[in-house]
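Here is a friendly walk through a protein model, meant to be read with the structure open beside you. We will go from the whole chain to its sheets, and then to the helices that pack on them.

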Amino acid sequence: MCQLLGMNCNVPTDICFSFTGFRARGGATDIHSDGWGIAFFEGKGVRMFLDPEPSAESKVSELVRSYPIHSLNVIAHIRKSTVGRTSLENTHPFIREMWGQNWIFAHNGHLPEFQPELDGSFAPVGTTDSERIFCWFLQNLKQRFGNNPPTRDEIFQTLHDLTMPLAGTGIFNYLLSNGDCLLAHSSTELSYIVRCAPFAQAHLTDEDVTIDFSEVTTPRDRVAVIATQPLTDNEEWTTMRPGSLWLFHDGEVANKADTAPSPIKSLAGHQASRLAAS
């Protein structure tokens, strides 16, 4: 399956350190070699790099790794294809405009039985199920709110409503951002870390690279990094429970909700049913 990387901050921050480890998973330390992409929000604009080549070997990814682009929201993806050939048009993230905002989406997984009807307001360019799901998300947001852009909380609630019926039909990890916030759905595997003062050193899992964040930050900086698997081996990452949706804003968790019953809740419900039947 593919791997995801997201970043949400309270001040514009570069993702060079995290991306250095992440890109190695595209053909060097892991098998995700069917293309990669990354999108940086800069104000209302988006700077995007896509390449169907493995990220560990890509000259474009080497440029991104060494170039400190500062952004409040970043989404990156390395692909192991399941639906759609390896090509530029099938490379994540995907981008669309709505309400005068750029929307970015990347997906890890496969929903083989989900074939949504699209009304033409947003249409896939490539042949992936991921891009079709993205278009369906935006179509539903547009139908629900018309020409009145929703609030951050309304976006979260709508995405929660749309994600819930799909959460149990296949693997459905995704990242979505409109430049104001970043939403992350954990279907099977996602983790996050919030870095804030007092900052310390971090060492990458996939590369022998260490950074002392206290030397490159200010005391008020706050950065949330989301990844399919933790990128460092000397920091404490939080595992995002499978079946949960998270909203990140200003470098911290602003909202979260279940999209599937937790095993504990399911067990409690099962026991309650047994007691009621006895």
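The protein chain exposes about 12,300 Å², and carbon and sulfur atoms supply 52% of that area. Buried residues make up 50% of the 278 residues in the chain. Please keep in mind that this is a predicted model. The average pLDDT for the protein chain is 89, with 90% of the residues scoring at least 70. Be careful with residues 264-278, where pLDDT stays under 50; for that stretch the model has two contacts beyond four places in sequence.

The protein chain has five helices and 15 strands. Among its contacts between residues at least 6 apart in sequence, 70% join residues at least 24 apart.

**The seven-stranded sheet**

Seven strands form an open sheet in the order 3-2-4-1-12-9-13, with antiparallel pairing. Its edge strands are strand 3 (45-51) and strand 13 (238-239), each of which pairs on one side only. Helix 1 (residues 16-24) packs on this sheet and touches strand 1, strand 2, strand 4, strand 9 (191-196) and strand 12 (222-227). The direction of helix 1 makes about 175 degrees with that of strand 1. Helix 2 (residues 59-66) also packs on the sheet, touching strand 2 and strand 3, and its direction makes about 35 degrees with that of strand 2.

Strand 4 (residues 71-78) is a good place to zoom in. How many of its eight residues are buried? Seven are, so strand 4 is mostly covered. Strand 1 (residues 3-13) pairs with strand 4 in the antiparallel sense over seven bridges, while five bridges join strand 2 (residues 36-42) to strand 4, again running antiparallel. As a reminder, strands of a sheet pair through backbone hydrogen bonds, either parallel or antiparallel.

His77 of strand 4 is a handy landmark here. Leu4 has His77 as its bridge partner, and Gly37 stands opposite His77 too. Further along strand 4, Asn73 stands opposite Asn8. Gly35 is found in the loop between helix 1 and strand 2. Gly35 has a relative accessible area of 0%, so this glycine counts as buried. The C-alpha atoms of Gly35 and His77 are separated by 8.5 Å, although these residues are 42 apart along the chain.

**The six-stranded sheet**

Six strands form another open sheet, in the order 5-6-7-8-14-15, and the pairing is antiparallel. Strand 5 (94-98) and strand 15 stand at the edges with a single partner strand each, so one side of each is left without a neighbour in the sheet. On average, neighbouring strands of this sheet are turned by 20 degrees against each other, direction ignored. Within this sheet, strand 7 and strand 8 run antiparallel and are joined by four bridges. Tyr174 stands opposite His185 in strand 8.

Helix 3 packs on the sheet, where it touches strand 5, strand 6 and strand 7; its direction makes about 135 degrees with that of strand 6. Helix 4 packs on the sheet as well, touching strand 6, strand 7, strand 8, strand 14 and strand 15. The direction of helix 4 makes about 160 degrees with that of strand 14.

**Helices 3 and 4 in detail**

The table sets the expected span of each helix beside the distance between its end C-alpha atoms.

| Helix | Residues | Number of residues | Expected span | End C-alpha distance |
|---|---|---|---|---|
| Helix 3 | 129-145 | 17 residues | 24 Å | 25 Å |
| Helix 4 | 152-163 | twelve residues | 16 Å | 16 Å |

For helix 3, the distance agrees with the span expected at 1.5 Å a residue, and the distance for helix 4 agrees with its expected span too.

Is helix 3 largely enclosed or largely open? In helix 3, 13 of the 17 residues are buried, so the helix is largely enclosed by the rest of the structure. Just after helix 3, Gly146 takes a positive phi of about 60 degrees.

In helix 4, the buried residues are Ile155, Phe156, Thr158, Leu159, His160, Leu162 and Thr163. What covers them? The cover includes helix 3, strand 6 (101-110), strand 7 (171-177), strand 8 (182-186), strand 14 (244-249) and strand 15 (252-258). When you look down such a helix, recall that an α-helix has 3.6 residues a turn, so residues three or four places apart point the same way.

Conventions: Residues are numbered from 1 along each chain as its sequence is written. This is a predicted model: local features need pLDDT of at least 70, side-chain atom pairs count only at pLDDT 80 or more; totals for chains, interfaces and linings use all residues. Side-chain values use heavy atoms; hydrogens and water are left out. Helices (H or I, at least four residues) and strands (E, at least two) are DSSP runs, numbered from the N terminus. The expected span of a helix is 1.5 Å times one less than its number of residues. Buried means under 20% relative accessible area, exposed over 50%, partly exposed in between (1.4 Å probe, protein chains only). Contact means heavy atoms within 4.5 Å. pLDDT is the predictor's confidence in each residue, from 0 to 100. Two strands pair if DSSP finds at least two bridges between them. Axes are lines fitted to C-alpha atoms, for helices over the stretch in contact, and angles run from 0 to 180 degrees between N-to-C directions. Accessible areas come from the Shrake-Rupley method with a 1.4 Å probe; for residues, only the protein chains shown count as cover.
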